[in-house]
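Hi everyone, thanks for making time for this one. I'd like to walk you through a single protein, so please have a look at the screen before I start.

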Amino acid sequence: QISYDSPQAAAAAALQLRELRERIVILLMFEVRNRLLLCENYKAGFHKAIYMPFGWLAQGWWMESDTDCTPDQLTSMSTGFISAQALLWRKDTSTVLSCSTNMTAGDFKQVWLE
């Protein structure tokens with residue numbers, strides 16, 4: 001957990017993760033703090049962790065240019081992340097899912113319940 005949006009706070013958290021040798025990292029933070037932590041871990045060479053951000057994060061949340069790292073560097077750090085959210089089913093069932101080119105939220109629910 002990082003209590004404020006700063007590279008220094010993210011660097012301290014990243015150092016602690018490296019010292020603990022954590023490879024599965026649960027992120028209970030807003031998007032900017034997630035990006036700051038990924039960036040600090042990138043700069044330190046801590047590349048093999050699996051990140052699990054919880055909450056409603058915008059699609060492509062790691063692509064913002066508000067850290068010392070490029071979007072490509074943050075993409076390399078976020079590849080393979082596992083995301084979790086508290087809401088199981090979307091209310092807007094006709095929305096096409098961002099992880100599919102043609103499956104809607106309603107289609108997914110129907111397949112899941114089969």
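I'll begin with the overall layout, then spend most of my time on one helix and its surroundings.

A word of caution before anything else: what you see is a predicted model. The protein has four helices and two strands, and going along the sequence you read the pattern α-β-α-β-α-α. Taken along the principal axes, the C-alpha atoms fill a box of roughly 45 × 25 × 25 Å. There are 114 residues, and 32% of them count as buried. If you look at contacts with a separation of 6 or more, 64% of them come from residues 24 or more positions apart.

Now to my favourite part, helix H2, which runs over residues 31-44. H2 has 14 residues and reaches 20 Å from its first C-alpha to its last, close to the 20 Å expected at 1.5 Å a residue. Right after H2 comes Gly45, with a positive phi near 80°.

Which residues of H2 are buried? They are Arg33, Asn34, Arg35, Leu36, Leu37, Leu38, Cys39, Glu40 and Asn41. And what do these buried residues pack against? Their partners are helix H1 (7-20), strand E1 (24-27), strand E2 (50-53) and helix H3.

Let me pick two of them. Glu40 sits in H2 and has a relative accessible area of 12%, so it counts as buried, the cut-off being under 20%. Setting aside neighbours within four places in sequence, Glu40 is in contact with Pro7, Ala10, Ala11, Ala14 and Arg18. Next to it in the list is Asn41, also a residue of H2, and this one is buried with a relative accessible area of 0%. Again not counting residues up to four places away, Asn41 touches Ala14, Leu17, Arg18, Phe46, Tyr51 and Met77.

That last contact of Asn41, Met77, takes us over to H3, which covers residues 71-78. How do H2 and H3 cross? Their axes come within 9 Å and cross at roughly 90°, which means that H2 is roughly perpendicular to H3. On the H2 side the meeting residues are Arg35, Leu38, Cys39, Asn41 and Tyr42; on the H3 side they are Gln73, Leu74, Ser76, Met77 and Ser78. Sorted by character, the residues of this contact divide into five nonpolar, four polar and one charged.

Let's stay with Ser76 for a moment, since we have just met it in the contact with H2. Is Ser76 buried, partly exposed or exposed? With a relative accessible area of 42%, Ser76 is partly exposed. A polar atom of its side chain lies 2.6 Å from the backbone oxygen of Gln73. As for distances across the fold, Ser76 and Glu22 are 54 residues apart in sequence, and their C-alpha atoms are 18 Å apart in space.

One last stop, beyond H3. Lys91 is in the loop between H3 and helix H4 (105-113). At 77% relative accessibility, Lys91 counts as exposed. Its C-alpha atom is separated by 26 Å from that of Leu27, 64 residues away along the chain.

So if you take one picture home, let it be H2, with its buried residues packing against H1, E1, E2 and H3, and with H3 crossing at roughly 90°. Thanks for listening, and I'm happy to go back to any of these views.

Technical notes:
Residues are numbered from 1 along each chain as its sequence is written. This is a predicted model: local features need pLDDT of at least 70, side-chain atom pairs count only at pLDDT 80 or more; totals for chains, interfaces and linings use all residues. Side-chain values use heavy atoms; hydrogens and water are left out. Axes are lines fitted to C-alpha atoms, for helices over the stretch in contact, and angles run from 0 to 180 degrees between N-to-C directions. Angles under 35 degrees count as roughly parallel, over 145 as roughly antiparallel, 65 to 115 as roughly perpendicular and the rest as oblique. Contact means heavy atoms within 4.5 Å. Ala, Val, Leu, Ile, Met, Phe, Trp, Tyr, Cys and Pro count as nonpolar, Asp, Glu, Lys and Arg as charged, and the others, Gly among them, as polar. The expected span of a helix is 1.5 Å times one less than its number of residues. Buried means under 20% relative accessible area, exposed over 50%, partly exposed in between (1.4 Å probe, protein chains only). A polar contact is a pair of N or O atoms within 3.5 Å; within protein, one must be able to donate a hydrogen and the other to accept it, and residues adjacent in sequence count only if both atoms are side-chain atoms.
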